[in-house]
Amino acid sequence: MHRQTPSRALLLCAIAVLSGKAVAEEATKTATASTPVVTPCVATATTGAGAFFDLRPDTAVVVPEGEKPPKGSPVDDYVARGWDYGSNFTLNFCSPVVKEVEDVVGLDKDLWKNVSAYYETKGKIYALGLSDGNLVPRGRKLVLQYTGGSPCGLSDEKNREKRWEVHDGATYKYHEYDDDDDDGEDAESRRASKDKDDDDEDDDKKDKGKEKPETQRRKSATFSFLCDRDPDTPTAASFVGTDPDECAYFFEVRSMHACSIAEPHKPGSVGPGSVFAIIFFIAVLVYVVGGVFYQRTVAHARGWRQLPNYSLWAGIWSFIVDMFTILTSSCGRLIPRRRGYHTLSGSPSGRRHSRDAENRLIDQLDEEWDD
């Protein structure tokens, strides 16, 4: 029982180290979740399996003069045909349009460089919204919205007035309607009451106009991205429609990058490979340190024999050395040698053996000659 105590202590130390690392990783994840970093044109679905979407390859980029465009990135704006609308739309996703725009209706000069969608009609440029990279997954679709474009429509008060207003040239007015059966006195009383109500409404409208300034609506664009897995089909945007006030515009975009993919490894986080490497390193460290401690204190070993399972590792090393020797010698035999005469050995022992052989040959020849 006494011999197992060091091993148990080392095992407890290893478990403590792993637990501390797990706690540190959990604290790091919690801190990261509390302060999320939003990456433009990237989204992760919060429902289901947490699908990951990355539309950055569809963003048209501006190439500085004299430099090569990035591989696989578009360099021109997208164009959506307006069909019956009468104008085509120039777009970019999660970034301002590549082509510079000027004299945008209803926008300050400082905002011209942030326009991400616009159309041109009668020589005037109308912006559909400013750049925004906030992707919102909704089921199998991705939604991107631009806001803050050129002014459009009327305020809510004006729309309400216009909706119930009867123009002066109308042949029918509801306050002039009288039944044939009503008498003149009732008609006169209704007219007087209606005129008073109209005066009160006018006063209320004037008071509201003084208290609340007129609100101004602006154009916006909403893009619905659909997954298209055909690699030969380029990313294309199509115009769907707009509301009667021409304030909200709707587009549909088909792209292979709108399909969900596996979320890549985030910088600063620990991936599966790193976790395996850390566990392996800790296991080797515990094995070596624990083995040395046991061999030195319990087995009283010294030198290389302090290593755990020394005979096993020594045998493996001897096997590797033998295999290396065999392979090198085999390769040496396969090398072709030069043909022809070979240089005789110049050592004294070699010359002595050669002379003895020559003397024996001469003696043998003499005996044969005498016979």
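Let's start with a sheet: five strands form an open sheet in the order β7-β8-β11-β13-β12, with mixed pairing. At its edges stand β7 (136–138) and β12, each with a single partner strand, so one side of each is left without a neighbour in the sheet. Neighbouring strands here are turned by 25° against each other on average, direction ignored. That angle is taken between axes, which are lines fitted to C-alpha atoms, for helices over the stretch in contact, and angles run from 0 to 180 degrees between N-to-C directions.

A word on terms before we go on. Helices (H or I, at least four residues) and strands (E, at least two) are DSSP runs, numbered from the N terminus, and two strands pair if DSSP finds at least two bridges between them.

This is a predicted model, where local features need pLDDT of at least 70, side-chain atom pairs count only at pLDDT 80 or more, and totals for chains, interfaces and linings use all residues. Residues are numbered from 1 along each chain as its sequence is written, and side-chain values use heavy atoms, with hydrogens and water left out.

Now, strand by strand. How many residues of strand β11 (residues 220–227) are buried? Seven of the eight, so β11 is largely enclosed by the rest of the structure; buried means under 20% relative accessible area, exposed over 50%, and partly exposed in between (1.4 Å probe, protein chains only). On one pairing, five bridges join β11 antiparallel to strand β8 (residues 141–146), and Leu144 has Phe223 as its bridge partner. β11 also pairs with strand β13 (residues 248–255), in the parallel sense, over eight bridges; there Thr222 stands opposite Phe250. β13 is in turn joined to β12 by six bridges, running antiparallel, with Thr242 opposite Tyr249.

There is also an open sheet of four strands, ordered β3-β4-β5-β6, with antiparallel pairing. β3 and β6 are its edge strands, each pairing on one side only, and the twist averages 25° from one strand to the next. Six bridges join β5 to β6, and one pair to look for is Thr121 with Lys124 in β6.

What about the inside? A nonpolar core is a set of buried Ala, Val, Leu, Ile, Met, Phe, Trp, Tyr and Cys residues joined through side-chain atoms within 4.5 Å. The largest one has 29 residues, and Phe89, Leu91, Phe93, Phe223, Phe225 and Phe251 touch the most other members. Elements giving two or more residues to this core include β3 (78–80), β5 (115–121), β6 (124–130) and β12 (236–242). Apart from it lies another core, of 10 residues, among them Val97, Val115, Tyr118 and Leu130. Do click on Phe251: leaving aside neighbours within four places in sequence, its contacts (heavy atoms within 4.5 Å) include Ala80, Phe89, Leu128, Phe223 and Val240.

For a change from strands, helix α4 (residues 272–297) has 26 residues and reaches 37 Å from first C-alpha to last, close to the 38 Å expected at 1.5 Å a residue; that expected span is 1.5 Å times one less than the number of residues. In α4, Ile282, Gly290 and Gly291 are buried.

Finally, confidence. pLDDT is the predictor's confidence in each residue, from 0 to 100; the protein's mean is 75, and 64% of its residues reach 70 or more. Where is confidence lowest, and where highest? Lowest is helix α2 (residues 156–164), at a mean of 43, and highest is strand β4 (residues 89–91), at 95. Over residues 30–36 pLDDT stays under 50, and the model has zero contacts for them beyond four places in sequence. Thanks for listening!
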